Amino acid sequence: MREPWVVGVSGASGTPYAAAVIGGLLDAGESVDLIVSRAARLTVLDETGRPFRDAHWAEDLAAWLGRDLTGADVRHWPAGDLAAGPSSGSYRVRGMAVVPASTAACAGIAIGLSKDLLQRAAEVNLKERRPVVVVPRETPVTRSHLEHLIELHDAGAVVLPASPGFYGAGAAASAQQLVDFVAGKVLDALGVPHTLFRRWSGQLGASRS
């Protein structure tokens, strides 16, 4: 039986993180159910120059990820489709990552607003006690944002801010290496194997090229 990971992309800046997580899941041979919010489509267009359209989602996703999706197990659900599979706990999935997670998405999930499929799917996975990773990128944060993140933590989510470490590649790390570090931490939290970053070995500067 197909049992995908749900990836929800909200409208916060940081769509490269989403692309790296999706790519990492596909590289690991995992199935992916993708939900891109209406606001996220604007962010994708702004940060990549590429559209993301319901009617052409497969070709738009391939262009966004820069990879051939032939043979990849990816399903797209429109964010406005509240009758979609991920809206129900009886729809089998392994868990969900919300990456990047806007302050609005964090608040909506924390209070159970379910204003769109992304928020509803996250709420469903929390209530079903499946792994949920939320990747806030906003900085600085307000008290209300912190309170919503605490509520998500208390509900069982892993709150994983987009805060890359430099020990893998050093101070001269490229933007892609920093993106991959965060994506790798997301996959770690989901229990999905990857080689997106060099792990700490206990030795300063070990094997750094």
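How many helices and strands make up the secondary structure of the chain? In this predicted model, the total comes to 7 helices and 6 strands. Read from the N terminus, the elements follow the order β-α-β-α-α-β-β-α-α-β-α-β-α.

The overall dimensions were examined next. The C-alpha trace spans about 50 × 45 × 35 Å along its principal axes. The radius of gyration is 16 Å. For 209 residues, a compact globule would have a value near 17 Å, so the chain agrees with that expectation. Of the 209 residues, 50% count as buried. The exposed area of the chain is about 10,000 Å². Carbon and sulfur atoms supply 52% of that area. Contacts also reach far along the sequence. Among those between residues at least 6 apart, 73% join residues at least 24 apart.

The strands form an open sheet. Its 6 members are arranged in the order β3-β2-β1-β4-β5-β6, and the pairing is parallel. β3 (74–76) and β6 (158–159) stand at the edges. Each has a single partner strand, so one side of each lacks a neighbour in the sheet.

Within this sheet, β1 and β4 lie side by side in the strand order. β1 covers residues 5–9 and β4 covers residues 95–101. The two strands pair in the parallel sense over 4 bridges. V7 has A97 of β4 as its bridge partner. G8 is matched in β4 by V98. On to the next strand, β4 and β5 run parallel and are joined by 4 bridges. Here M96 stands opposite V132 of β5. A97 has V133 as its bridge partner in β5. A97 is thus a point of connection in two pairings, with V7 and with V133. The parallel pair β5 and β6 is joined by 2 bridges. In that pair, V134 stands opposite V159 of β6.

Burial was then considered for two of these strands. In β4, 7 of 7 residues are buried, and the strand is mostly covered. Strand β5 (residues 132–136) has 5 of its 5 residues buried, so the rest of the structure largely encloses this strand. Both faces of β5 are covered. V132, V134 and P136 are buried on one side. V133 and V135 are buried on the other. Among these, V132 stands opposite M96, while V134 stands opposite V159.

One helix was placed relative to the sheet. Helix α1 (residues 15–27) lies across β1, β2 (32–36), β3 and β4. The helix runs at about 155 degrees to β4.

Two loop residues flank this helix in the sequence of elements. S13 sits in the loop between β1 and α1, and E30 sits in the loop between α1 and β2.

Is E30 buried or exposed? E30 has 16% relative accessibility and counts as buried, because the cut-off for burial is under 20%. Leaving out residues up to four places away in sequence, E30 touches W5, L25, D73, R94 and V192. Polar contacts link the E30 side chain to two of these residues. The contact with the side chain of R94 is 2.7 Å. The contact with the side chain of W5 is 3.3 Å. W5 falls in β1, which covers residues 5–9. L25 falls in α1, which covers residues 15–27.

S13 was treated in the same way. This residue has 35% relative accessibility and counts as partly exposed, because the value lies between the 20% and 50% cut-offs. Neighbours within four places in sequence aside, S13 is in contact with T43, E47, P100 and R137. With E47 there is a polar contact between side chains, at 2.5 Å. P100 falls in β4, which covers residues 95–101. A separation was also computed from S13 to A55. These residues are 42 apart along the chain, and their C-alpha atoms are separated by 24 Å.

Taken together, the two loop residues give separate views of the ends of α1. E30 is buried and has side-chain polar contacts with W5 and R94. S13 is partly exposed and has a side-chain polar contact with E47. At the sheet, β4 pairs with β1 and with β5.

Conventions: Residues numbered from 1 in each chain as written. Predicted model: local features only at pLDDT ≥ 70, side-chain atom pairs only at ≥ 80, totals over all residues. Heavy atoms only, no water. Pairing = 2+ DSSP bridges. Contact = heavy atoms within 4.5 Å. Axes fitted to C-alpha atoms, helices over the stretch in contact; angles between N-to-C directions. Buried < 20%, exposed > 50% of the residue type's maximum accessible area, 1.4 Å probe, protein only. Polar contact = N/O pair within 3.5 Å; in protein donor to acceptor, adjacent residues only side chain to side chain. Rg over C-alpha atoms; globule rule 2.2 N^0.38 Å. Areas by Shrake-Rupley, 256 points an atom, 1.4 Å probe, with all protein chains shown as cover.
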